[in-house]
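Below are some notes on the model, set out as numbered points. They deal with a few helices, the contacts between them, and some single residues.

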Amino acid sequence: MTQSPFKTHRHLLVTTTSSTGERMREFVLSLYNDNRFLFRAASIRHFDEVHIAIFLELAQSFNEHGLNDPEFVSVCMDVMNRYEDKARKNYDELIALRSVRPAQSGIGAEDHALSVKDCEERYEIDQEKGYIK
């Protein structure tokens, strides 16, 4: 077997912070578990030629090997672990923000309220996706 495209494109799939990287991660995780992870197929219309080629390469590889490709499984585990770490950090921030009054947090009341709201919304999303309980 030639090198797995999941190994070749690991950086894009695991660490890239671009919106394209995010869409690719959604795609790969949906291959891993489509009951848990949503991929909006229409998002590929924003891919350039290079990323469409990568997308097709990943899809073809999964079609041939499925969960039997250890690089695929490794990428999925690493992505899920990163999301779970981010979810824990967000939750910790939410708890910290809730435990202080705006004046104690060093920011104004309005900014404090917005920060709490942002963390709460992220927490709800993280719960829905199963990254945190």
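1. A residue is called buried here when its relative accessible area is under 20%, and exposed when that area is over 50%. The model is a predicted one. By that cut-off, the buried residues of helix 3 are Thr20, Gly21, Met24, Arg25, Glu26, Phe27, Val28, Leu29 and Ser30.

2. Helix 3 covers residues 19-32, 14 residues in total. From first C-alpha to last it reaches 20 Å, close to the 20 Å expected at 1.5 Å a residue. Its buried residues pack against four helices: helix 1 (5-8), helix 2 (10-14), helix 4 (49-65) and helix 5 (70-98).

3. How do helix 3 and helix 5 cross? Their axes come within 10 Å, at an angle of roughly 115°, and the crossing is left-handed. On the helix 3 side the contact involves Glu22, Arg25, Val28, Leu29, Leu31 and Tyr32; on the helix 5 side, Phe72, Val75, Cys76, Met77, Val79, Met80 and Tyr83. By class, the contact residues are 11 nonpolar and 2 charged, with no polar ones. Arg25, Val28 and Leu29 of this contact are also listed among the buried residues of helix 3.

4. Helix 7 runs over residues 109-128 and has 20 residues. Its span from first to last C-alpha is 29 Å, close to the 28 Å expected at 1.5 Å a residue. The buried residues are His112, Val116, Cys119, Tyr123 and Asp126. Viewed down the axis of helix 7, these fall within an arc of 90°, so they line one face of the helix. On the other side of helix 7, Glu110 and Glu128 are exposed. After the helix comes glycine 130, with a positive phi near 80°.

5. Helix 5 also meets helix 7. The two axes come within 9 Å and cross at roughly 145°, again in a left-handed crossing. Helix 5 contributes Ala87, Asn90, Tyr91, Glu93, Leu94, Leu97 and Arg98; helix 7 contributes His112, Ser115, Val116, Cys119, Glu120, Arg122, Tyr123 and Asp126. This contact divides into 7 nonpolar, 3 polar and 5 charged residues. The buried residues of helix 7, namely His112, Val116, Cys119, Tyr123 and Asp126, appear in the contact with helix 5.

6. Is aspartate 126 buried or exposed? Its relative accessibility is 3%, so aspartate 126 counts as buried. It sits in helix 7. Leaving out residues up to four places away in sequence, aspartate 126 touches Ala87, Asn90, Tyr131 and Ile132. Of these, Ala87 and Asn90 belong to the helix 5 side of the contact described above.

7. Histidine 9 lies in the loop between helix 1 and helix 2. At 15% relative accessibility, histidine 9 is also counted as buried. Outside its neighbours within four places in sequence, histidine 9 is in contact with Ile54, Glu57 and Leu58.

8. Glycine 108 is located in the loop between helix 6 (102-105) and helix 7. With a relative accessible area of 39%, glycine 108 is partly exposed. Its C-alpha atom is separated by 48 Å from that of alanine 59, the two residues being 49 residues apart along the chain.

Terms used:
Residues are numbered from 1 along each chain as its sequence is written. This is a predicted model: local features need pLDDT of at least 70, side-chain atom pairs count only at pLDDT 80 or more; totals for chains, interfaces and linings use all residues. Side-chain values use heavy atoms; hydrogens and water are left out. Helices (H or I, at least four residues) and strands (E, at least two) are DSSP runs, numbered from the N terminus. The expected span of a helix is 1.5 Å times one less than its number of residues. Buried means under 20% relative accessible area, exposed over 50%, partly exposed in between (1.4 Å probe, protein chains only). Contact means heavy atoms within 4.5 Å. Axes are lines fitted to C-alpha atoms, for helices over the stretch in contact, and angles run from 0 to 180 degrees between N-to-C directions. A crossing is left-handed if the near helix is turned anticlockwise from the far one by less than a right angle, and right-handed if clockwise. Ala, Val, Leu, Ile, Met, Phe, Trp, Tyr, Cys and Pro count as nonpolar, Asp, Glu, Lys and Arg as charged, and the others, Gly among them, as polar. The arc is that of the directions from the helix axis to the C-beta atoms.
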